[in-house]
Amino acid sequence: MKLKEININSIGNVRIGQTEDKKAGTGVTVFVVPEGAPCGLDIRGGGPAGRESGLLDPLAAAEVIHSVVLGGGSAFGLEAASGVMQYLSEHKIGFPVGDVVVPLVCQSDIFDLQYGRSDVYPDKAMGYKATELAFKGKHGNYKDGSVGAGCGATVGKMLGPDRCWKSGIGSYAVELGELKVGAIICTNAIGDVYDAKNGKRIAGVKNEKGTGLNKVSCEELLYDMYVNPPAGMTTNTTIGIILTNAKFNKTQLCKLAGMGHDGYARSIRPVHTSMDGDSIYAMSLGDVQATLDVVGTLANHVICEAIKRSVTIL
């Protein structure tokens, strides 16, 4: 069977809304499944900013959630999920509990406070607006680029914010027979970004003139810093989500999210450091029968391509 590229919106009943503050350099991207969907999470970086991550532990009682939020603003931006909850509850999306409807919303954020303004970040109003936009049109308003959660994303930060490369959020999806697998990734890495197909470095730390890539890669720069690493470099984190119409439960989706991190490792170097908060969600949106090995391998592929787009479509 041959892979066929498809639109990220064609995988299942997920609505995607995003909004941003261009002047402040931050934003949010919201995924909503009105009927709820199984979801898993795997965190490999040492400095994540997240909300309700415990819901996705295989031992937790919740079998489905209603929304995943990718945002900027680091821990400050986690307030956006409150706006998402408000909109969903107002529209009766969630679990009825007495006279209120409680939606389950998980969120992960990048650190973008050094890109634009450090005193402006996603809040409840921005989360509400992004959710509202998710219900506009057939699928919402998702697009790749320096928008939504990717508004303040950058890569190649080993020499500080003045030498980093602008990145954003990117998507890629494929179809194999009835099986569909896609990914949306907000790339905000301390490391350089490589084309996984040919190993070429395509984005990262800039040269002194800011006209292109530095001759010395982020990996090599890290080696040079082993004795005296610079302070204050926990300013990164690549976050994203795998979407598939394969039928998986939460435990299997946690494994799928873990397999997706191979795509991070193929495309970003260095990756999963203590200075990153690298996280991947995985969500099941259908009933197609497929093995984790096949879907995980496809997830690896689409994540690499989504990362590539996140630094080239701006």
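Hi everyone. A search of the whole structure finds 7 salt bridges, and I'd like to use some of them as our way in. Before that, please keep in mind that this is a predicted model.

Let's take Arg201 and Asp192. Their side chains meet in a salt bridge, with 3.8 Å from N to O. Are these two residues buried or exposed? Both Arg201 and Asp192 are buried.

Now for a pair that brings distant parts of the chain together. Lys197 and Glu305 join their side chains in a salt bridge, at 3.9 Å from N to O. Lys197 sits in the loop between β14 (192-194) and β15 (201-203), while Glu305 belongs to helix α5 (residues 292-312), and the two are 108 residues apart. How do the partners compare in accessibility? Lys197 counts as exposed because its relative accessibility is 63%, whereas Glu305 is buried, with a relative accessible area of 10%.

One more bridge, and this one leads us somewhere else. The side chains of Glu219 and Arg269 meet at 3.3 Å, N to O, in a salt bridge. This pair also links distant parts of the chain: Glu219 is in helix α3 (residues 218-224) and Arg269 is in strand β17 (residues 268-269), 50 residues apart. Glu219 counts as partly exposed at 24% relative accessibility, and Arg269 is partly exposed too, with a relative accessible area of 27%.

Stay with Arg269 for a moment and look at the peptide bond from there to Pro270. That bond is cis, with omega near -10°. Pro270 itself is placed in the loop between β17 and β18 (279-288). His272 lies in the loop between β17 and β18 as well, and has a positive phi of about 60° although it is not a glycine. At 24% relative accessibility, His272 counts as partly exposed.

Where else does a residue other than glycine have a positive phi? Have a look at Thr237, where phi is near 110°. You'll find Thr237 in the loop between α3 and β16 (239-246). Thr237 is buried, with a relative accessible area of 3%.

Let's move to the sheet. Here 5 strands form an open sheet in the order β2-β3-β6-β9-β5, with mixed pairing. At the edges are β2 (15-21) and β5 (49-51), each pairing on one side only. From one strand to the next, the twist averages 15°. If you zoom in on β5, you'll see 3 bridges joining it to strand β9 (residues 105-109), and these two strands run antiparallel. Within that pairing, Gly50 stands opposite Ser108 in β9.

Two helices lie across strands of this sheet. Helix α1 (residues 80-90) crosses β3 (26-37), β5, β6 (65-71) and β9, and runs at about 155° to β9. Helix α2 (residues 124-134) lies across β2 and β3, at about 140° to β2.

I'll finish with a residue in strand β2, namely Arg15. Which side chain of opposite charge is nearest to Arg15? That would be Glu35, but it is 9.3 Å away, and the buried Arg15 has no salt bridge. What the Arg15 side chain does reach is backbone oxygen: that of Ala134 at 2.8 Å, and that of Lys138 at 2.9 Å. Leaving aside neighbours within four places in sequence, Arg15 is in contact with residues including Val30, Phe31, Val32, Phe135 and His139.

That's my tour, and thanks for listening!

Terms used
Residues numbered from 1 in each chain as written. Predicted model: local features only at pLDDT ≥ 70, side-chain atom pairs only at ≥ 80, totals over all residues. Heavy atoms only, no water. Pairing = 2+ DSSP bridges. Helix = DSSP H or I, 4+ residues; strand = E, 2+ residues; numbered from the N terminus. Axes fitted to C-alpha atoms, helices over the stretch in contact; angles between N-to-C directions. Contact = heavy atoms within 4.5 Å. Buried < 20%, exposed > 50% of the residue type's maximum accessible area, 1.4 Å probe, protein only. Lys, Arg positive; Asp, Glu negative; His and termini not counted. Salt bridge = Lys/Arg side-chain N within 4 Å of Asp/Glu carboxyl O. Polar contact = N/O pair within 3.5 Å; in protein donor to acceptor, adjacent residues only side chain to side chain.
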